[in-house]
Amino acid sequence: MQAAELVHRDFPMEITCDSRVLYFFLDTLRLLTMPPKKRQTATNPVPSPSPSPNTAEVEASPSGVINYEKLNPKTEHFEFLGPPGAAAMITFLPLLVWFLAFFCNEDGCPPKSIWSIGVEDLSRWFSLKFFLANMYDPTAYAAYLGFVLFLAGLYIVLPGEEIEGTLLRNGKRLKYKVNAFASLHLLIAMGFLNIRSSGFGPFLFIYDHWVGIVTAANIFSFIVSFYVYGSSFLPGKLLALGGNTGIWIYDFMIGRELNPRIGKFDIKYFIELRPGLIGWVTSNSAMAIKQYVSLGRVTNSMMLVNVFQAWYVIDSLYNEAAVLTTMDITTDGFGFMLAFGNLSWLPMVYSLQARYLAAFPRDLNYAELVGVIALQLTGYYIFRSSNGQKNKFRTDPEGDDVKHLEYIETTAGTRLLTSGWWGISRHINYLGDWLMSIAWCLPCGYATPIPYFYMIYFAILLLHRERRDDDKCRKKYGKDWDRYCEIVKWRIIPGKPCVFGGIFALVVAKCRGLQFSNWVRITISHTHPLCRHLLTNLEAKTPT
Ligand code: NDP
């Protein structure tokens with residue numbers, strides 16, 4: 001059944017509204033669980049699984065038994081500043097999630113009392129008494145655990161196409177079930193049914209027990225991380241090439257085993273998309289409902305934040321299979337970084353804007369509304385079309401919309417695009433993603449910088465990720481990568497010096513009250529030769 005048919009389907013008259021939701025859901029589920037080949041659109045086709053960076057010769061003994069000792073070489077390089085960096089991340093990131101939960105609430109963001117905090121308060125915060133009074137919340141723990149286990153149950157029970165992942169260096173390909181989008185549908189239908197039968201209670205629970213839920217997420221992240229670290233020492237495990245240094249704190253953080261599984265249940269694949277992304281939209285919906293109950297309506301800022309972020313999540317879940325070719329799945333081990341990132345950080349920190357707006361509602365004026373929507377659409381357009389263009393080029397290079405693009409052949413066997421989106425900068429997709437993150441923060445207004453945490457953190461994440469990817473590609477492509485970088489000069493922001501130079505010059509001009517012509521001259525003198533060239537050309541062409 002096609003989507004259009006589904007929308008126009010007539011339901012029997014006697015069916016109640018609730019059962020219509022259920023019918024719609026069941027039909028949708030059928031549509032969603034069709035093989036991806038049938039339902040995938042050209043916007044983001046699933047790339048055919050190609051060898052991952054982990055691919056290498058299969059080391060087998062004469063008897064045919066795989067020699068895992070040879071397959072799992074010792075890691076000689078560190079990321080994230082090595083063991084001290086790992087220890088800092090394990091300590092401070094969970095504290096930061098707690099900090100945002102405690103210090104952005106109805107009393108203020110941050111509360112006024114924060115400025116009168118003394119040394120004795122700090123020592124009190126790390127006491128058992130404080131924990132029991134503020135963070136010990138067994139009902140919230142049970143709710144969080146129930147939610148994650150329920151999602152795990154859906155992953156196992158709901159039907160879904162089984163697809164193969166990238167070729168691993170033990171010569172095997174793992175199978176993955178694609179049904180995250182169907183899980184989201186089921187949860188949405190259950191949410192509506194629940195609201196009809198018992199009101200907003202479960203959603204308000206999330207808001208009221210936020211600190212308890214955050215605590216549960218932090219504790220659960222550690223439990224999962226210890227489990228996967230411990231089980232990675234069992235025989236026959238394929239380790240990540242970057243997670244086998246032998247220094248436990250580092251390996252625990254970065255992830256030792258590449259694909260930890262319990263039977264067929266792939267822990268990394270499950271946690272990568274479901275508790276994090278679905279948890280994020282669930283938290284956001286709870287915040288919108290809280291605002292509705294307190295205020296009697298939902299502000300346009302809250303609507304925008306919910307719609308923008310749900311859109312991002314739906315896009316990711318609909319294209320679930322595409323995650324199998326990302327660095328997280330093909331290269332990184334599964335350890336504290338990914339477990340904590342998806343179980344705690346993502347649903348608890350990414351929902352900060354909605355939580356802020358639930359406590360401090362505000363409406364955007366028309367100019368702000370237009371500006372924020374334009375920014376979101378621009379960001380999404382860059383993000384989706386650049387990712388789609390690369391996927392299309394890699395899967396169907398003769399396709400109508402990519403066959404005209406220029407590329408270089410590499411000795412590694414794959415081609416690198418040098419025109420289209422990927423000719424503008426080496427990670428133009430990150431720019432689109434970052435523009436969207438700004439559009440998600442702006443609806444919170446200008447009263448406090450805390451809701452802007454996300455776009456600042458995300459900029460750091462993308463800058464670091466770009467360096468990691470650059471490193472990976474340099475190792476993979478060698479001289480071809482240098483050749484590519486010669487052609488495509490910018491890393492993320494095209495013409496970055498012009499942009500930053502322009503902003504700098506604008507600030508200087510504003511402070512000094514200079515005329516526009518001076519402003520242009522300052523721009524030229526403070527930026528890159530390329531900008532100078534562009535502006536000189538522009539001046540030459542402008543009639544005086
Ligand atoms: P990318 O989609 O940017 O892919 C990078 C890979 O693409 C490279 O390793 C290389 O792989 C290939 N490649 C690089 N240059 C070219 C080229 N010119 N032509 C063809 N192929 C090329 O990787 P990510 O997984 O980092 O990002 C995917 C998306 O996910 C991005 O849009 C990003 O913004 C988003 N993201 C979102 C996060 C969030 O928290 N919201 C976190 C991280 C990412 P190969 O070895 O195949 O050549």
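So, a polar contact here means a pair of N or O atoms within 3.5 Å. Keep that in mind, since we start with the ligand. And a caveat up front: this is a predicted model.

Okay, the ligand. Asn429 fits that cut-off, with a polar side-chain atom 2.9 Å from a ligand oxygen. Tyr312 reaches a nitrogen atom of the ligand instead, and an N or O atom of the Tyr312 side chain sits 2.9 Å from it. Then there's Tyr477, where the distance from a side-chain N or O atom to an oxygen of the ligand is 2.3 Å. Taken on its own, the ligand has 930 Å² of accessible area, and the protein covers 85% of that.

Who's in the shell? Two or more residues each come from helix 18 (366-395), strand 6 (415-417), helix 20 (428-441) and helix 21 (453-477). Helix 21 is the top contributor, giving eight residues. In total we have 24 residues around the ligand, and the closest are Tyr430, Asp433, Arg465, Asp469 and Tyr477. If you're thinking about chemistry, the shell splits into 12 nonpolar, four polar and eight charged residues.

Now, where does the ligand lie relative to the domains? Domain 1 runs 78-362 and domain 2 runs 364-495, and both contribute residues to the shell, so the ligand lies between them.

Let's move to the empty space. The second largest pocket holds about 1,100 Å³. It's lined by 37 residues, and Leu187, Phe203, Ile206, Thr282 and Ser285 are the closest to its centre. Quite a list of helices puts two or more residues into that lining: helix 8 (138-157), helix 9 (180-198), helix 10 (201-208), helix 11 (210-231), helix 13 (267-295), helix 14 (300-318) and helix 16 (336-349). Which of those supplies the largest share? That would be helix 13, with nine residues.

How does the pocket lining divide by class? We get 28 nonpolar residues, nine polar ones and no charged ones. Put that next to the ligand shell, which has eight charged residues.

Closed-off space next. There are two cavities of 30 Å³ or more. About 70 Å³ is what the largest cavity offers. Its lining is made up of Gly165, Thr166, Leu168, Leu174, Tyr176, Leu258, Asn259, Leu324, Ile329 and Thr330. Six of those lining residues are nonpolar, four are polar, and none is charged.

Last bit: backbone oddities, for anyone about to set up a calculation. There's a cis peptide bond going from Cys109 to Pro110, with omega near 5°. Pro110 is in the loop that links helix 5 (82-103) and helix 6 (119-125).

Then two residues other than glycine with positive phi. Phe80 has phi near 50°, and Leu81 has phi near 60°. Where are they? Phe80 is in the loop between helix 4 (68-71) and helix 5, and Leu81 is in the loop between helix 4 and helix 5 as well.

To recap: the ligand lies between domain 1 and domain 2, the second largest pocket has no charged residues in its lining, and the Cys109 to Pro110 bond is cis. That's me done, thanks.

Methods. Residues are numbered from 1 along each chain as its sequence is written. This is a predicted model: local features need pLDDT of at least 70, side-chain atom pairs count only at pLDDT 80 or more; totals for chains, interfaces and linings use all residues. Side-chain values use heavy atoms; hydrogens and water are left out. On a 1 Å grid over the protein atoms alone, a cavity is a set of points where a 1.4 Å probe fits but cannot get out, and a pocket is an open set with protein on both sides within 12 Å along at least five of seven lines; lining residues have an atom within 4 Å of a point. Grid points are joined across faces, edges and corners, and a volume is the space filled by probe spheres set on the points. Helices (H or I, at least four residues) and strands (E, at least two) are DSSP runs, numbered from the N terminus. Ala, Val, Leu, Ile, Met, Phe, Trp, Tyr, Cys and Pro count as nonpolar, Asp, Glu, Lys and Arg as charged, and the others, Gly among them, as polar. A residue is near a molecule or strand if one of its heavy atoms lies within 4 Å of it. A polar contact is a pair of N or O atoms within 3.5 Å; within protein, one must be able to donate a hydrogen and the other to accept it, and residues adjacent in sequence count only if both atoms are side-chain atoms. Accessible areas come from the Shrake-Rupley method with a 1.4 Å probe; for residues, only the protein chains shown count as cover. Domain bounds come from an automatic or database domain assignment.
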